[in-house]
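Trainee: Before I use any labels for this model, I would like to see what each one rests on.
Mentor: Then take them one at a time, value against criterion.

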Amino acid sequence: MKRIVLLRLGHRPERDKRITTHVGLTARLLGAEGMLLASNDPGIIATLEDVVSRWGGTFYIKNNVNYKQEIKEWKAAGGKVCHLSMYGINLPDVTDELKSCDKLMIVVGAEKVPPEMYQLADWNVAVGSQPHSEVAAVAITLDRIADGEPLKREFKNAELTIVPAERGKKVIENLRD
């Protein structure tokens, strides 16, 4: 089974709360097992843990990690690192390589990514080679490398489940043990 984890760099708590939350929500929805936050923001952790508690799944979040140490340990355990950016190899040109990874860390930055990140990554991947949202970069990349249909995943132990409907909102409250 493929393992994917997201590493969020450059999070500025006073400015990036919503974007970092959305990066985590997107990663969870599209198959990542967890998110590593290279910043100290307990509010982000609480928000994402609340979503997992109510909507199911096993997505984890680690706060205030040392990104260099996390990358080093990931690689030592046989993992590969893909840094999403405006710069680098075009995503369509490396999609097959990324799909073949059994253990993949996807790194996405905020405004300024440390220059050494470009050296630490196995791939620096351009998602569009234009300014864009890191949420979009994560979504496009995870969708392209997904095993199966990521938008049809079921999340175990969900307190709430949305029932697809042409109109209106239908939410079921599940009984949990």
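**Contacts, compactness and sheet**

Mentor: The model is predicted. In the protein chain, 78% of the contacts with a separation of 6 or more are between residues 24 or more positions apart.

Trainee: What makes a pair of residues count among these contacts?
Mentor: Heavy atoms within 4.5 Å make a contact. Of such pairs with a separation of 6 or more, 78% are 24 or more positions apart.

Trainee: How many helices and strands does the protein chain have?
Mentor: The protein chain has 6 helices and 9 strands.

Trainee: Why is the protein chain called as compact as a globular protein of that length?
Mentor: The globule rule gives 16 Å for 177 residues, and the radius of gyration of the protein chain is 16 Å, close to that value, so the label holds. Along the principal axes, the C-alpha atoms fill a box of roughly 50 × 35 × 35 Å.

Trainee: What does the accessible surface of the protein chain come to?
Mentor: About 10,100 Å², with 50% of that belonging to carbon and sulfur atoms. Of the 177 residues, 42% count as buried.

Trainee: What makes strand E4 mostly covered?
Mentor: A residue is buried when its relative accessible area is under 20%. In strand E4, residues 80-85, 5 of the 6 residues are buried, and on that count E4 is mostly covered.

Trainee: How do you know that E4 pairs with E6 and with E7?
Mentor: Two strands pair if there are at least two bridges between them. E4 and strand E6, residues 103-108, have 5 bridges in the parallel sense, one partnership being Leu 84 with Val 108 in E6. E4 and strand E7, residues 123-126, have 4 bridges, also in the parallel sense, and there Ser 85 stands opposite Ala 126. Both counts satisfy the criterion.

Trainee: Which order do the strands of the open sheet follow?
Mentor: The open sheet has 7 strands in the order E3-E2-E1-E6-E4-E7-E5, with parallel pairing.

Trainee: Why are E3 and E5 called edge strands?
Mentor: Strand E3 (60-62) and strand E5 (89-90) each pair on one side only. For E3, 3 bridges join it to strand E2, residues 34-37, and the two run parallel. Leu 36 has Lys 62 in E3 as its bridge partner.

Trainee: How many charged side chains are there, and how far apart do the centres of the two sets lie?
Mentor: The protein chain has 25 positive and 24 negative side chains, and the centres of the two sets lie 1 Å apart.

Notes. Residues are numbered from 1 along each chain as its sequence is written. This is a predicted model: local features need pLDDT of at least 70, side-chain atom pairs count only at pLDDT 80 or more; totals for chains, interfaces and linings use all residues. Side-chain values use heavy atoms; hydrogens and water are left out. Buried means under 20% relative accessible area, exposed over 50%, partly exposed in between (1.4 Å probe, protein chains only). The radius of gyration is taken over C-alpha atoms; the globule rule is 2.2 Å times the number of residues to the power 0.38. Accessible areas come from the Shrake-Rupley method with a 1.4 Å probe; for residues, only the protein chains shown count as cover. Lys and Arg count as positive and Asp and Glu as negative; His and the chain ends are not counted. The place of a charge is taken as NZ of Lys, CZ of Arg, CG of Asp or CD of Glu.
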